[in-house]
Amino acid sequence: MKYTHLTSLLCLFVAIFFLACSDAPEIAEPTCPPEKKIETKLAEAPPKPEETLACGVVAAGNSAASLLKPWLSPQEIHALAKACRPVFRLTRMRVGKPYKVATLDEDFHRFEYAIDSNRYLEVVRGKEDFPAPIKAFTYDVKEVLVRGEVKGSLYAAMQEAGESSILAVRLGNLFGWEIDFVRDLRVGDTFSVLVEKRFTQGKFKGYGHILAAEFTNQGCTYDAFRMECSGKVGYYSRDGRNLKHAFLKSPVAFTRISSGYSLKRWHPILKKYRPHYGVDYAAPVGTPIHAIGNGTLRVVATNRGSGKHIFITHANGYQSGYLHMSRFARGMKRGKKVEQGQVIGYVGQTGLATGPHLCFRMKQWGKPINPVKVKVTREKSIPDSEKEAFARLVAKLRPLLHAGIAANTPEVKEIENKG
Ligand SMILES: [Zn+2]
């Protein structure tokens with residue numbers, strides 16, 4: 001009797017010891033041999049065809065045909081591509097985008113391709129055809145407060161806060177007209193961003209909307225709140241002014257002007273004085289170039305002097321030009337409409353250029369103007385009819401941006417009370 005007591009106590013200790021070890025080896029279960037379990041399961045239901053997923057990303061030189069060849073005949077691939085055509089042309093598949101091929105007992109069942117972070121194409125083998133709907137990704141969305149302090153660059157501060165540099169770029173674009181992130185950023189500047197983070201099965205899949213943000217630069221605090229006014233989404237400061245302007249401050253993020261607009265400049269390649277009707281932004285090859293405003297592509301071309309270049313016409317007689325690109329973004333062609341912020345190409349050194357940079361030019365009514373001196377108008381403020389709703393939104397979100405700050409540093413709270 002006593003002996004059994006002792007053994008069970010010992011067993012208990014051993015069990016606790018194993019549980020306490022984080023990487024404890026799996027304890028074999030002495031009861032019920034596992035083979036028997038499977039046998040009974042097999043007897044209960046016939047096996048369903050097993051789905052296997054082959055996942056990958058589109059590589060250079062890949063096509064729908066090369067990806068699907070292991071499972072489909074050329075005729076079937078042709079039929080599949082044809083079925084997709086009304087919703088998405090498979091020739092538009094891009095390098096780096098993820099795809100999946102699902103097979104049932106090694107037979108082709110389904111092909112999925114991520115068109116962007118919101119939508120994917122799903123092609124399923126039907127009885128005689130390939131139904132190909134475009135579906136929306138569903139995410140688990142978490143609203144997260146990201147706070148940081150600048151010690152070097154905004155990129156580094158964002159990384160230190162545990163977030164990606166993409167969020168730094170978005171924050172920079174948001175406050176681009178209030179703060180000059182190249183010249184005015186200082187050690188000790190702080191930011192606070194309330195942003196949606198998207199997850200699928202616990203895996204981070206990117207950022208959703210920035211709901212509200214605050215940036216304190218050299219003691220001045222700027223804020224932004226996301227608000228939908230009659231179907232249009234915008235960002236407004238808490239006094240209701242629109243943060244968006246007709247043009248972006250610069251077509252490349254966080255870069256410096258390496259050479260300004262001048263009527264007489266020594267040209268290092270041509271070896272003579274020439275006017276420089278633009279500003280040069282120093283940036284590494286491959287840096288994305290954004291359209292500064294909504295407009296229409298008037299020129300997408302390559303020549304000896306300007307290399308690969310794009311000209312966009314905007315409202316009110318404005319035109320913007322982007323020179324020496326390494327490559328154009330996909331789908332750029334004359335007559336295409338682009339939106340402010342859309343990537344149109346990448347920094348390079350094509351044409352007469354001594355190093356990688358973007359030469360950015362502007363004209364109004366055909367006459368060159370200094371891009372830095374263009375008077376850029378703000379988009380519309382919060383309309384009177386929406387002011388109350390906006391005030392409620394600010395009252396709800398603003399305390400969230402400050403969550404935790406007041407507790408740690410009372411002096412910030414004092415400044416806030418004054419502001
Ligand atoms: Zn230039």
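User: In which strand is the place of Tyr207?
Analyst: Residues are numbered from 1 along each chain as its sequence is written. This is a predicted model: local features need pLDDT (the predictor's confidence in each residue, from 0 to 100) of at least 70, side-chain atom pairs count only at pLDDT 80 or more, and totals for chains, interfaces and linings use all residues. Helices (H or I, at least four residues) and strands (E, at least two) are DSSP runs, numbered from the N terminus. In that numbering, the strand that holds Tyr207 is β8.

User: How many C-beta neighbours does Tyr207 have inside 10 Å?
Analyst: A residue is buried if 20 or more other C-beta atoms lie within 10 Å of its own, exposed if 12 or fewer, and partly exposed in between, with C-beta atoms placed from the backbone. Tyr207 counts as partly exposed, because its number of C-beta neighbours inside 10 Å is 19.

User: How far apart in space are Tyr207 and Lys142, C-alpha to C-alpha?
Analyst: Tyr207 has contacts (C-beta atoms, placed from the backbone, within 7 Å) that include Ile166, Leu167 and Val195, leaving out residues up to four places away in sequence. Lys142 is 65 residues from Tyr207 in sequence, and the C-alpha to C-alpha distance between them is 9.7 Å.

User: Which strands are at the edges of the sheet with the order β6-β7-β8-β9-β10?
Analyst: Strands count as paired if DSSP finds at least two bridges between them. This is an open sheet of five strands with antiparallel pairing. Two of its strands pair on one side only, and these edge strands are β6 (140-149) and β10 (232-236).

User: Which residue in β8 stands opposite Phe191?
Analyst: Strands β7 (residues 190-200) and β8 (residues 203-217) pair in the antiparallel sense, over 10 bridges. Opposite Phe191, in β8, stands Phe215.

User: What angle does the direction of helix α6 make with that of β8?
Analyst: Helix α6 (residues 165-174) packs on the sheet and touches β6, β7, β8, β9 (220-229) and β10. Its buried residues include Leu167, Ala168 and Leu171, and their cover includes α5 (154-160) along with β6, β7, β8, β9 and β10. Axes are lines fitted to C-alpha atoms, for helices over the stretch in contact, and angles run from 0 to 180 degrees between N-to-C directions. On that scale, the angle between α6 and β8 is about 40°.

User: At what angle to β9 does helix α7 run?
Analyst: Helix α7 (residues 387-401) lies across β6, β7, β8, β9 and β10. Its angle to β9 is about 130°.

User: How many C-beta neighbours inside 10 Å does Gly219 have?
Analyst: Gly219 is in the loop between β8 and β9, and its C-alpha is 9.2 Å from that of Thr190, 29 residues away in sequence. Gly219 counts as exposed, because its C-beta neighbours inside 10 Å number 9.

User: What is the average twist from one strand to the next in the sheet β1-β2-β3-β4-β5?
Analyst: This open sheet has five strands with antiparallel pairing. β1 (51-57) and β5 (134-136) stand at its edges with a single partner strand each, so one side of each has no neighbour in the sheet. From one strand to the next, the twist averages 25°.

User: Which residue in β2 does Thr52 stand opposite?
Analyst: Strand β1 and strand β2 (residues 98-104) run antiparallel and are joined by seven bridges. Facing Thr52 in β2 is Thr103.

User: Within what arc do the buried residues of α4 fall?
Analyst: Helix α4 (residues 74-84) has Ile77, Leu80 and Cys84 as its buried residues. Seen down the axis, they line one face of the helix, because the arc (of the directions from the helix axis to the C-beta atoms) that holds them is 60°.

User: How many residues of strand β12 are buried?
Analyst: Strand β12 (residues 262-267) runs antiparallel to β13 (residues 272-276), with four bridges joining them, and Arg265 has Arg274 as its bridge partner. β12 lies largely in the open, because the number of its six residues that are buried is zero.

User: What is the mean pLDDT of the chain?
Analyst: A pLDDT of 70 or more is reached by 85% of the residues. The mean over the chain is 84.

Definitions and conventions: Contact = placed C-beta atoms within 7 Å.
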